[in-house]
Amino acid sequence: MTWGPIKPAFVLVISMTLVCVLVSPLVLAIPVSAETKTGASSKKDSSVYAVLTKAPKKAVARRNPMEKDPDAKAAGAKLFGMHCAECHGEMAEGQGKAPSLLADEVQQSTPGTLFWILTNGVVRRGMPVWSKLPEPQRWQIVTYLKSLGPLEKALQ
Amino acid sequence: MLVKITLSCDWVATTRTALLSMTNFASCESVASTIGPIQLDSIQLDSIQLDSIRPRVQRSFLLRCLLAFAGLAAFAAHAQESPYIVTYDHYLEEPGSLEVEYFSTFGTQRHSNDFHAFWAEFEYGATAWWTTELYFDGQTTFNDSTIFTGFRWENRFRLLQLEHFINPVLYIEYEQTSGADKILKEVEGHDVESDYAVPNSIARKEHDHELESKLLLSKTFKGWNVAENTIATKNLTGGNPWEFGYAIGASRPLALKALPNQCNFCPENFVAGVEMYGGLGDRYSFGLHETSHYLAAVAAWNLPSDWTLRLSPGFGLNDNSHRFLLRWGVSREFSGFGSAVGRLLGGRKQ
């Protein structure tokens with residue numbers, strides 16, 4: 001095929017593309033502080049959970065419509081495995097930047113708070129919004145999370 | 001020769017250990033299946049005298065490259081993709097995930113040959129608010145030729161952190177394509193069917209450098225996603241004016257609740273909808289005069305095995321449009337790609 005002589009704009013764009021493609025994984029891989037390297041230590045870093053307090057009162061008070069659905073926990077476990085486990089760990093124990101969901105801060109939150117977090121994500125900390133999952137599926141995930149109980153219970 | 005075989009075994013052992021440490025959720029079967037091609041590759045590399053004379057650094061680099069490809073299989077993630085081909089909703093790629101996609105468009109052409117245009121996409125979630133994507137386009141015009149038609153680099157930025165009634169995303173793309181590009185990823189300005197009737201040998205001589213911006217507005221409510229894209233494009237070659245276009249779409253999963261069991265045919269895995277897109281003229285002649293418009297049904301099947309299939313039959317809505325466009329696509333998402341690359345390059349250890 002015939003392309004004209006290489007133009008500065010072309011070189012610039014190619015360079016920028018390469019830089020972005022190469023640098024963005026590194027940006028994500030910037031070493032984090034020792035406290036946030038494991039789920040257990042994430043649990044100690046209370047600032048990770050501060051976002052739970054930012055849910056509006058109306059959202060906090062929402063009740064889980066799937067609470068009494070007998071399939072909700074199993075369906076939630078399936079959805080958790082598909083969408084959440086890759087960051088939060090298979091057992092929700094937390095890994096990397098993703099905090100443990102077995103922490104007291106999470107387990108003591110209302111279902112409405114967890115639903116609000118799922119819906120809005122924590123974009124600044126790298127958690128994407130999950131409103132692309134229909135509401136019933138988000139409630140199913142909340143049902144599963146609340147069924148896990150605190151870390152001590154999970155360990156037992 | 002004995003030394004070479006020993007080296008191969010050493011490589012395989014190292015590779016197996018590295019793979020197991022890279023991903024503690026990879027099954028033994030998947031590791032074993034991944035080892036196969038590496039073994040062959042290492043033997044081939046040995047045959048070009050990869051022995052103790054070669055610097056250890058070079059071996060390490062090659063090993064890392066092999067691991068990067070082999071490791072991809074272990075980072076597959078279940079995709080929850082929208083069915084749109086042209087329209088964008090406000091959902092970005094998950095941070096650190098790489099989505100590899102292939103799309104095809106078959107189009108009818110009056111007064112010339114039908115065509116099959118295709119493109120590959122590499123979509124990477126750099127952060128939760130920034131997704132960057134690289135496209136490579138090509139096309140086959142029947143009874144003419146098959147040619148590479150250019151590349152595009154696209155970036156999408158989420159403007160607001162929380163979900164709102166309407167969620168805006170800024171889209172900026174640079175594209176360098178030839179005049180023979182036919183993927184119809186968007187329609188803008190006065191794009192009409194007759195533009196695509198030019199033989200490849202002539203059309204490919206035209207080189208376009210375009211800056212394309214879009215404002216993506218999207219909302220999901222009770223399972224329904226409604227998205228609207230406003231397009232403004234400037235061809236940087238020549239004194240072309242800004243051109244405008246639009247795309248709108250609506251879609252919904254077949255079921256809102258998930259079934260508790262894993263299944264390919266669970267209704268929640270299917271998303272169906274409709275999209276409409278077309279041109280709105282340019283700065284000097286804004287409006288519907290001499291523009292083309294399309295209406296297309298869209299459907300996506302999100303398989304639990306990490307693949308997404310999309311199908312979209314579309315129809316031209318006026319005489320300036322291609323009568324029929326059949327699009328389909330297949331994609332696979334690899335989560336944790338960014339951190340895997342980071343680890344291979346000596347970044348964070350998790």
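**Strand pairing in the chain B barrel**

In this predicted model, B:His116 has B:Thr140 of β3(B) as its bridge partner. This pair belongs to the contact between strand β2, residues 115-127 of chain B, and strand β3, residues 130-141 of chain B, which are antiparallel and share 12 bridges. The connection between β2(B) and β3(B) is a hairpin, with 2 residues between the strands.

From β3(B) the chain continues into strand β4, which covers residues 146-158 of chain B; these two strands also run antiparallel, and 11 bridges join them. Within this pairing, B:Gly138 has B:Phe148 in β4(B) as its bridge partner. β3(B) and β4(B) again form a hairpin, here with 4 residues between the strands. In that turn, B:Asn143 has a positive phi of about 60°.

These hairpins are part of a wider arrangement. Chain B holds a closed barrel of 12 strands, running in the order β1-β2-β3-β4-β5-β6-β7-β8-β9-β10-β11-β12, with antiparallel pairing. Neighbouring strands of the sheet are turned against each other by 20° on average, with direction ignored.

Where do β1 and β12 of chain B meet? Strand β1 spans residues 98-107 and strand β12 spans residues 324-334, and 10 bridges join the two in the antiparallel sense. At this contact, B:Glu101 stands opposite B:Ser331 of β12(B).

One general point helps when following side chains along such strands. In a regular strand, side chains alternate between the two faces of the sheet.

How values were computed:
Residues numbered from 1 in each chain as written. Chains lettered and ligands numbered in written order. Predicted model: local features only at pLDDT ≥ 70, side-chain atom pairs only at ≥ 80, totals over all residues. Pairing = 2+ DSSP bridges. Axes fitted to C-alpha atoms, helices over the stretch in contact; angles between N-to-C directions.
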